Amino acid sequence: MRKEQVVLVTGAARGIGKEICLNMAKEGYDVSVNYRTKTDEIEELKSKIESYGVKCALVQGDIGSFEECENMVRETVEALGKIDILVNNAGITKDGLLMRMSKEDFTKVVDINLVGTFNMTRNVIPLMVKQRYGRIINISSVVGVAGNAGQTNYSASKAGIIGFTKSLAKEVASRNILVNAIAPGFVVTDMTKVLSDEQKESINTMIPLKRMGTPEDIAKAVKFLSSEDSSYITGQVLHVDGGMLM
């Protein structure tokens with residue numbers, strides 16, 4: 001059964017973003033899929049989403065560009081009529097010790113992860129204010145709370161997202177717009193698949209549940225924060241990390 005609500009997901013070509021799109025489609029949401037590079041997989045994802053009886057729009061663009069974000073929002077509204085939920089999922093890593101990190105590697109990560117979150121949200125928020133309804137879900141990280149050696153740029157960007165989330169939640173609560181963040185721990189994606197078995201085992205020892213998360217674990221949290229079951233929750237950080245941080 002269609003919910004007749006529209007969700008826009010950034011960085012949705014693969015991994016967590018792709019799983020969020022599929023889970024939301026299963027729940028009856030129309031889905032706008034943001035991606036950077038056109039591939040056959042994008043068309044396959046669109047077909048899979050539409051197989052659940054919902055509508056799907058494909059919007060190409062780089063969240064690091066304010067103008068491209070503006071275009072993506074416009075294209076989504078033209079195709080699907082509105083935007084009820086924004087999931088700021090897109091992000092990059094350029095890891096390295098600070099003493100060897102280039103200014104470009106620091107700035108690029110912050111520009112995509114943090115400024116990109118601003119770019120998308122700034123273009124969506126006027127629509128949500130006008131319709132007096134909205135859900136914004138920002139994907140942060142466990143390292144945005146705890147830090148991690150070799151990830152000063154990534155940790156700073158993800159910590160910034162948490163501050164952004166809490167501040168915006170206070171600004172727009174009176175308009176029935178809820179703003180929350182999800183802080184995933186280690187998740188099985190293309191980035192973690194390259195780790196050796198020894199590295200994976202070392203990671204699992206740090207997790208009380210003794211396993212890495214799955215993209216579906218994160219997608220289910222997004223589904224909850226998008227639903228009316230979370231209608232009294234805003235400005236919060238939901239840790240989906242198997243108990244890493246307590």
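Author: Two strands count as paired here if DSSP finds at least two bridges between them. The model is a predicted one.

Reader: Okay. How many strands form the sheet, and in what order?

Author: Seven strands make an open sheet, and they are ordered 3-2-1-4-5-6-7. Their pairing is parallel.

Reader: Which strands are at the edges?

Author: Strand 3 and strand 7, the latter being residues 237-240. Each of these edge strands pairs on one side only.

Reader: And what does the twist average from one strand to the next?

Author: The average is 20°.

Reader: Back to strand 7. How many bridges does it share with strand 6?

Author: Four bridges, with strand 6 (residues 177-184) and strand 7 running in the parallel sense. Across that pairing, Ile182 stands opposite Leu238 of strand 7.

Reader: Helices now. Which strands does helix 3 lie across?

Author: Helix 3 lies across strands 1, 2 and 3, and runs at about 160° to strand 3. Helix 4 lies across strand 1, strand 4 (85-88), strand 5 (134-139) and strand 6. The angle between helix 4 and strand 4 is about 175°.

Reader: What span should helix 3 have, and what does it have?

Author: Helix 3 covers residues 66-80, which is 15 residues, so at 1.5 Å a residue the expected span is 21 Å. The C-alpha atoms at its ends are 21 Å apart, which agrees.

Reader: Which residues of helix 3 are buried?

Author: Cys69, Met72, Val73, Thr76 and Leu80. Viewed down the axis of helix 3, the buried residues fall within an arc of 95°, so they line one face of the helix.

Reader: What covers them?

Author: The cover for the buried residues of helix 3 includes strand 1 (6-9), strand 2 (30-35), strand 3 (56-60) and helix 4 (103-131).

Reader: And what comes just after helix 3?

Author: Gly81, which takes a positive phi of about 95°.

Reader: You listed a cysteine there. How many disulfides does the structure have?

Author: Zero, after a search of the whole structure. A disulfide is a covalent bond between the sulfur atoms of two cysteines.

Reader: Why is Cys69 not in one?

Author: Its closest cysteine sulfur is in Cys21, 16 Å away, so the two are too far apart for a bond; the cut-off is 2.5 Å. Cys69 has a relative accessible area of 0% and is buried.

Reader: What about Cys56: how far is its sulfur from the closest cysteine sulfur?

Author: The distance is 7.2 Å, again to Cys21, and that is too far for a bond. Cys56 also counts as buried, because its relative accessibility is 9% and the limit is under 20%.

Reader: Different topic. What is Ile125 part of?

Author: Ile125 lies in helix 4. With 13% relative accessibility, Ile125 counts as buried.

Reader: What does Ile125 touch?

Author: Neighbours within four places in sequence aside, Ile125 is in contact with Ile136, Leu168, Val172 and Ile177.

Reader: Which helix has Leu168 among its buried residues?

Author: Helix 6, whose buried residues also include Tyr154, Ile161, Phe164 and Val172. The buried residues of helix 6 pack against helix 4, strand 5, helix 5 (143-146), strand 6 and strand 7.

Reader: What span is expected for helix 6?

Author: Helix 6 has 21 residues, 152-172, so 30 Å is expected at 1.5 Å a residue. Its end C-alpha atoms are 30 Å apart, in agreement.

Conventions:
Residues numbered from 1 in each chain as written. Predicted model: local features only at pLDDT ≥ 70, side-chain atom pairs only at ≥ 80, totals over all residues. Heavy atoms only, no water. Helix = DSSP H or I, 4+ residues; strand = E, 2+ residues; numbered from the N terminus. Expected span 1.5 Å × (residues − 1). Buried < 20%, exposed > 50% of the residue type's maximum accessible area, 1.4 Å probe, protein only. Arc of directions from axis to C-beta. Contact = heavy atoms within 4.5 Å. Axes fitted to C-alpha atoms, helices over the stretch in contact; angles between N-to-C directions.
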